[in-house]
Every structure is written in C-alpha cells, then in structure tokens.
Amino acid sequence: MVSLLKQPHPRETRMIFKNVDRPGWKPDIDSYLGDGGYEQLKKALTMTQVGVVDEVKASGLRGRGGAGFPCGVKWGFIKQDSPKPIYLICNADESEPGTFKDRYIIHQDPHQLIEGMVISCYAVNAKLAYIYIRGEFPEGAKILERALAEAREKNFLGKNIQGSGFDCEIYVHRGAGAYICGEETGLIESLEGKRPYPRIKPPYFPAVLGLYQCPTIVNNVETLCHVKHIIRLGGAEYAKIGKPNNTGTRILCVSGDVQKPGYFEVELGSLNMGEVINDLCGGMKPGRTLKAIIPGGSSAKVLRAGEKYKIKEKGPDGAMVDKEITLEEIPMDFDTLAAVGSMAGSGGVIVMDDSRNMVETLANINEFYAHESCGQCTPCREGSLWMQKITRRMVSGEGATQDPKVLKSVADNIAGKTICAFGEACAWPTQSFLAKFPDEFAAKAQKNVTPREVSDGVALQGGRPVLVHDHEVAAASEGGVPEKIAPWELSNASKAGEI
Ligand SMILES: Cc1cc2nc3c(=O)[nH]c(=O)nc-3n(C[C@H](O)[C@H](O)[C@H](O)COP(=O)(O)O)c2cc1C
Ligand code: SF4
C-alpha cells in the first residue's frame, strides 16, 4: 500500500497514527512491545469491567465510523451478566467513498487495534470478537492474521490472558466487497453467512439482538484503537483533548482538489476547514478557488463556498449566541458540522474547486449509490436508480427542464423512508447538491420536452415520479401503466404511484 504522507504535519496530534509512517517501525509484535505495547491491556485487566466502561464513558469518545454515537453509552447497553454470549465486532469495511484511514491502521499498526479490541472485549464481557474486513483488503487480512497469531503466542489472546482468568479470541472475517456490509446490521447478516440485508431497527439494535441474536457491540477500527489511549490517560484526561462533546483526536482523510491530499490526525475541532486546506494540504491547486466541500464522506451533505453558516457560540457572559461564519471558518468537529447542515461522518473530506461541474460530480456519486443499494426497500432500490438515470441524462446533454424538480422529488421520497441509513446516504447528496447549486442543475436541464419525449428515465405523473422508457412513455404520461414495461423496471410502488 502506498503511503500518502511520510512526515506528520506540525499541526497534527498523532495518537492513533503515532506509528504510521514512522521510520524503522514494523507492524510486528516486537516493535509494538518495544513501544510499550499491551501495557494498557495489562492495566485494564487489573480494573473491573464496569470500571473500564466508566472510563470510556468519561472520555466522551464518539464513534469514528459515521454516526458519532458515544461509545461508552453504546457499551452501557450491554448487560455483562447476559446468559447469552456477548460479541464484539470490529467494523473494518471502510466503504464510505473518501475514507482511507482504517486500512493504514491495519497495515501499519495492527497490534494497536488488537489491544484496543481485547480491552473492549474485557469491558463488555465478550469472549469472542470478529474483525470484519473489506474483501478488497486481502493484504490487510493477512497482516491481521499474522498479528493475531503473534498476540496468541504471547498470551495477549486466548485462554487466561496474562493470568487474569479472562479468555478472549478474535477471528478475521473477509467480506466480499459491498458498501452495505459496512452498515452494522448488514455486516452482522453477512457475518452469519447470509445476504447483507440490513435489519429493521428496532428491535434489532445489535447491543440487544445482534450476531446470532445475541448482544453485540459493533465499533469502527479507529474507535477501538482509542480505547487503549483512554486506559493510558484515564477517561477524564482524555476528555481534555479536543472540545467538550467532541473529544480526542480524529483522522481526516482529505482528497480532491488540494495540493497535498492525505491523512491527518488532529485534535477534534482544533482546525477549521480553511486551515485543513491551506495548512495541512498546502492550499488549493494553482490558480483555482474553493467551490465546495463534502466534509464527512460522500454521503455527507455538500457545503458551498461563499455562503454564510449559522452556528452557536459561547458569548463573553457564557450564554450561547448566534454567529455567522464562512465555509473556511467551520471547525471540523461533530457538533459544528451537524449545526451547519452536514456531518463529520467517517472523516472523509472531499474538496472541490471551481473547475468542477456539480451535476457531473453528483452523477458520479449517484452511480455509486445506484450500484450499492441492497435492493431490499423500494424507495432506495428504485430511487437510487432513478437518480442515477436522471443525472446521467443531464450530464449527456439530454436534461429536461423538469429534471431538477423530479430529482428532488425522488430524493425527498427516499430519505427517512427506508430500513437503513443508506436511504439518507444516497438522498442527501442529491438534496444538498440541488439546494446549493440550483443554477448548475438548471443549466443542464434545458430541453423543453413533455414526459412522453423523455427517453429512458423518469417523468412526473400526477406530481409523482414514474419510470419511463422510450416507447412506453406515452402510456405512462397519459396516466396508465404501460404494459410493455418489464416488471423489473417498475416497482409495485411506482405502479401504484405511491413512492
Ligand atoms: C450504508 C452504511 C455504510 C457504512 N459503512 C461503514 C463502514 O464502512 N465502516 C464503519 O465503521 N461504519 C460504517 N457504517 C456505520 C455502521 O453502521 C456503525 O454505525 C459503525 O460501525 C459503528 O461504529 P462506531 O460507533 O465506532 O462509529 C455505515 C453505515 C451505513 C448506513
Ligand atoms: S435503504 Fe437501501 S441499502 Fe438500506 S436496506 Fe433499504 S434498500 Fe437496502
């Protein structure tokens, strides 16, 4: 795997990435033990299990996989005396476009992850854990297998770990490479050997009914690595890093139109977007200006340069006051990114300059989501495909004047109406691109055609979108269901006009 960055930037605070790209560092257990490795596991094993959970709660650690859910709170849902087995799953699917951090931890510091996982297993009383790794990471899987064997040999895994009486085993499970396998309940189904169809929540919150219907904790690779450092520092001390409610460090994966893209570990909220671009990444490409940023992986809502964003800040008297800031002034933390209408997500920061056409960019994103929908629920299965077809059409110069309206209608009818958050993940880009760049969408939607003339795409019928296909269009636009449309092209919901 190619390293993107050899020297940490002076503005970085490397905790999880301390050993990544470190000269002379090897991902083996000797390097790790020479660096104080597994000392925090030994320390944790002298604490009570509840004591470890309490430290993680006190640290304020929030999940780094996407939703930013407080890790200690999630662990608190587990009843340690459950009569059923308890499982821990490390989510190493890393499937969100724009995200490339977990793979570097696995490649260069696998023992950090293993130590974090064994401590976490101890905390929630899980005797068995899995690392679910993306199918496209065969080298990562091999490195993990090797590291697990080394840890087993030194009794950091297995029976009676370090004489503590605690038994724990970890297995690597390779996925086949599908975005939806990163969604925790889809992942669990896949691990059980089934098609990765996400489960309806509730009742299937993994902490209650997870793997094999047993209590299960699913955490991201980076999240689990932080646990070791929480034990090292103590929860309260760890909580001093970053900002209140946004504690610790986080790895940002910056890609797109900057001079030096790469990964950077920073204290949460310590840098704003302008500093990330200009200080960490050497600025925009020569002669180019910032146009937009997707701050948390491709599913996060896009933010436009030149706009003012409203946030709340503590005033001199301690009361919260409204403040307007520019895109460049937005601090990179969970709460602020949510307040300005996007999210910190998986840490994948995608920077776009003024050379980018936003319809083309959205079309690219829509290709991905149409391909990756698992197909279980109608709005997502059909809608992701329709959005792909419309943006494809617009990019090819065939955009009809009603396309932006139809596109918005399709996206609005996916978000909030599906089994899993993929629905939002695929709708948010379309909704936000349309809202932020209406002129560019209007410019690519110039053909003044009636629905009957729209080929291979989607048209409005009675205000609702329906799929239309060349010669079948006439029937569709006249209110009937065209007989010639193959069943796989038109869902039951769209036949009934009920998207
Ligand atoms: C469509 C979709 C894809 C996801 N992909 C990933 C992924 O690749 N890696 C990951 O850690 N979390 C992913 N998540 C989030 C997980 O469902 C889950 O929230 C996360 O693994 C929990 O870990 P955390 O609390 O440590 O963040 C995805 C969620 C959705 C809806
Ligand atoms: S929202 Fe999409 S990905 Fe999620 S279960 Fe439904 S069809 Fe599958």
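Proline 202 sits in the loop between α8 (184–191) and β4. In this predicted model, a cis peptide bond joins lysine 201 to proline 202, with omega at about -10 degrees. A second cis bond follows, between proline 202 and proline 203. Here omega is about 10 degrees. Proline 203 also belongs to the loop between α8 and β4.

The loop between α8 and β4 holds glutamine 213 as well. Its phi is positive, at about 60 degrees, although glutamine 213 is not a glycine. Glutamine 213 counts as exposed because 12 C-beta neighbours lie inside 10 Å, and the exposed class covers residues with 12 or fewer. Asparagine 155 is another non-glycine residue with a positive phi, near 60 degrees. Asparagine 155 is found in the loop between α7 and β3. It has 14 other C-beta atoms within 10 Å, so asparagine 155 is partly exposed.

The loops described above lead into strands of a sheet. Four strands build this open sheet, in the order β3-β2-β1-β4, and their pairing is parallel. β3 (169–174) and β4 are the edge strands, each pairing on one side only. On average, neighbouring strands are turned by 20 degrees against each other, direction ignored. Strands of a sheet pair through backbone hydrogen bonds, in a parallel or an antiparallel sense. Between β2 (residues 128–133) and β3, the parallel pairing extends over six bridges. Within this pairing, isoleucine 131 stands opposite valine 172 in β3.

Helices pack against the sheet. Helix α7 (residues 138–153) touches β2 and β3. The direction of α7 makes about 165 degrees with that of β3. Helix α9 (residues 221–233) lies across β1 (87–92) and β4. Relative to β4, helix α9 runs at about 95 degrees.

The edge strand β4 also takes part in a ligand site. Ligand 1 is surrounded by 24 residues. Gly63, Gly65, Gly182, Asn220 and Thr223 are the closest. Two elements, β4 (216–220) and α16, give two or more residues to this shell. β4 gives the most, with three residues. By class, the shell around ligand 1 divides into nine nonpolar, nine polar and six charged residues. Domain 1 (29–240) and domain 3 (358–495) each supply at least three residues to the shell around ligand 1.

Ligand 2 has 14 residues around it. Cys374, Cys380, Thr418, Cys420 and Phe422 come nearest. The elements that give two or more residues to the shell around ligand 2 are α14 (378–395) and α16 (422–436). The shell around ligand 2 divides into eight nonpolar residues, five polar and one charged. Helix α16 thus appears in both accounts: it gives two or more residues to the shell around ligand 1, and likewise two or more to the shell around ligand 2.

Notes: Residues numbered from 1 in each chain as written. Chains lettered and ligands numbered in written order. Predicted model: local features only at pLDDT ≥ 70, side-chain atom pairs only at ≥ 80, totals over all residues. Near = placed C-beta within 6 Å. Nonpolar A, V, L, I, M, F, W, Y, C, P; charged D, E, K, R; others polar. Domains from an automatic or database assignment. Pairing = 2+ DSSP bridges. Axes fitted to C-alpha atoms, helices over the stretch in contact; angles between N-to-C directions. Contact = placed C-beta atoms within 7 Å. Buried ≥ 20, exposed ≤ 12 C-beta atoms within 10 Å, placed from the backbone.
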